[in-house]
Amino acid sequence: MGLEEARSRLKEARRVAVLTGAGISKPSGIPTFRDAEGLWKEFNPLDYATPEAYARNPERVWEWYAWRIARVREAKPNPAHLALVRLEEEVLGRGAAFLLVTQNVDGLHALAGSRNLVELHGNILRARCEACGHRFLLPDPFTPPPFCPLCGHRARPDVVWFGELLPEGAWEKAEKAFAEADVALVVGTSAEVEPAASLGRIAFTGGAYLIEVNPEPTPLTPLAHLSLRMGAVEGLQALGYGESGALPSASG
Ligand code: APR
């Protein structure tokens, strides 16, 4: 059963919801946060990813984001991002519903071609004016701090920091998709940061068939009907959405 059942459920699903985390972008060379070599092992999030940190030392926060932005700009979508575009096209192509919710701020899902996409934690390539709230794409290259093209005030990274609210409407859209899903796929997240971490449980409680793809177990693993203990590229290939599209031998 396992893989066979997961594949057929994905083929028959009327409503598919996908949640991704930093793990899906690791093959693109973008570091995760909580892995052995994750960003939070080297940088204290309280110094870089809270409104208080930014108020205390905006130059240091912007320097760190400029470093991350430069790495993101060198990164390309990897086969796992492309596999989710194929899944979306297949699901929408049969008139079914699809939503991809990502915690990632690297913009790689949009770059890969994902359309029905919610960026729950914002986008690192955008800034948001601290005065008028105007959002704008950061020029490439750019010298931090950026200033608002409309009102000239300093702008901050357009990402959600710890303790901040999610973008208007983003959570409601994500929660609805997972509550109504008949298949939920969770790829590359440690499932530790709320409220995103609850989406898998919300889907499970709503009766969805829950698939997890992660080389490590997570708090979601006990709920998953299938937990593929592998990387995103391999896992999405095993589910039938690899580049060739050819299914590997049914490894069960
Ligand atoms: N494929 C899939 N998953 C992988 C891979 C891979 N190749 N490599 C590592 N992983 C898994 C790790 O096992 C881990 O469970 O990706 C997960 C990454 O977890 P985190 O680093 O905690 O990233 P994420 O879950 O996205 O963090 C959520 O926390 O710091 C905040 O806002 C930040 O959006 C981020 C949120």
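**Figure 1. Two domains sit with their centres 27 Å apart, taken over C-alpha atoms.** The model shown is predicted. The domain assignment gives domain 1 as residues 2-30 + 77-121 + 166-251. Domain 2 covers 31-74 + 126-159. At the border, 12 residues of domain 1 are in contact with 12 residues of domain 2. About 940 Å² of area is buried between domain 1 and domain 2. Carbon and sulfur atoms give 58% of that area. Look in domain 1 for Ala22, Lys26 and Ile30, which lose the most area to domain 2. Together they make up 43% of what the domain 1 side buries.

**Figure 2. An open sheet of 6 strands has parallel pairing.** Read the strand order as S3-S2-S1-S7-S8-S9. Strand S3 (117-119) and S9 are the edge strands. Each has a single partner strand, so one side of each is left without a neighbour in the sheet. From one strand to the next, the twist averages 15°. Helix H6 packs on this sheet and touches S1, S2 and S7. The direction of H6 makes about 155° with that of S2. As background, strands of a sheet pair through backbone hydrogen bonds, either parallel or antiparallel.

**Figure 3. S8 and S9 run parallel and are joined by 3 bridges.** Isoleucine 211 stands opposite leucine 226 in S9. Ile211 also belongs to the largest nonpolar core, where it is among the residues with the most contacts.

**Figure 4. The largest nonpolar core has 29 residues.** Leu87, Leu185, Ile211 and Leu239 have the most contacts inside it. Several helices supply at least two residues each: H1 (3-12), H6 (79-93) and H10 (232-241). Strands that do so include S1 (15-20), S2 (97-102) and S7 (183-187). S8 (209-213) and S9 (226-228) also each supply at least two. Another core lies apart from this one, with 27 residues. Its members include Phe43, Ala75, Leu125 and Ala127.

**Figure 5. Leucine 87 reaches partners from elsewhere in the sequence.** Set aside its neighbours within four places in sequence. Leucine 87 is then in contact with Leu10, Val16, Val18, Phe98, Leu185 and Tyr241. One of these partners, Leu185, joins Leu87 among the core residues with the most contacts.

**Figure 6. Alanine 17 lies in strand S1.** Is alanine 17 buried or exposed? Alanine 17 counts as buried because its relative accessibility is 0%, and the cut-off for buried is under 20%. Leave out neighbours within four places in sequence, and alanine 17 is in contact with Leu99, Ala177, Phe178, Ala181, Val183, Ala184 and Leu185. Alanine 17 and alanine 97 are 80 residues apart along the chain. Their C-alpha atoms are separated by 8.3 Å.

**Figure 7. An open sheet of 3 strands has antiparallel pairing.** The strand order is S5-S4-S6. Strand S5 (135-137) and strand S6 (155-159) are the edges, and each pairs on one side only. Neighbouring strands are turned by 45° against each other on average, direction ignored. Strand S4 (residues 122-129) and S6 run antiparallel, joined by 4 bridges. Alanine 127 stands opposite proline 157 in S6. Helix H5 (residues 58-74) packs on the sheet, where it touches S4 and S6. The direction of H5 makes about 135° with that of S4.

**Figure 8. Two peptide bonds leading into prolines are cis.** Most residues other than glycine have a negative phi, and most peptide bonds are trans. The bond from proline 144 to proline 145 is cis, with omega near -5°. Where is proline 145 found? Proline 145 is in the loop between S5 and S6. The bond from glutamate 194 to proline 195 is also cis, with omega near 0°. Proline 195 lies in the loop between S7 and helix H9 (199-205).

**Figure 9. Alanine 191 has a positive phi of about 55°.** Alanine 191 is not a glycine. Find this residue in the loop between S7 and H9. Proline 195 lies in the loop between S7 and H9 too. Alanine 191 counts as buried because its relative accessibility is 12%, and buried means under 20%.

Terms used. Residues numbered from 1 in each chain as written. Predicted model: local features only at pLDDT ≥ 70, side-chain atom pairs only at ≥ 80, totals over all residues. Heavy atoms only, no water. Core = buried A, V, L, I, M, F, W, Y, C linked by side-chain atoms within 4.5 Å. Buried < 20%, exposed > 50% of the residue type's maximum accessible area, 1.4 Å probe, protein only. Contact = heavy atoms within 4.5 Å. Pairing = 2+ DSSP bridges. Axes fitted to C-alpha atoms, helices over the stretch in contact; angles between N-to-C directions. Domains from an automatic or database assignment. Buried area = accessible area lost by both parts, 1.4 Å probe.
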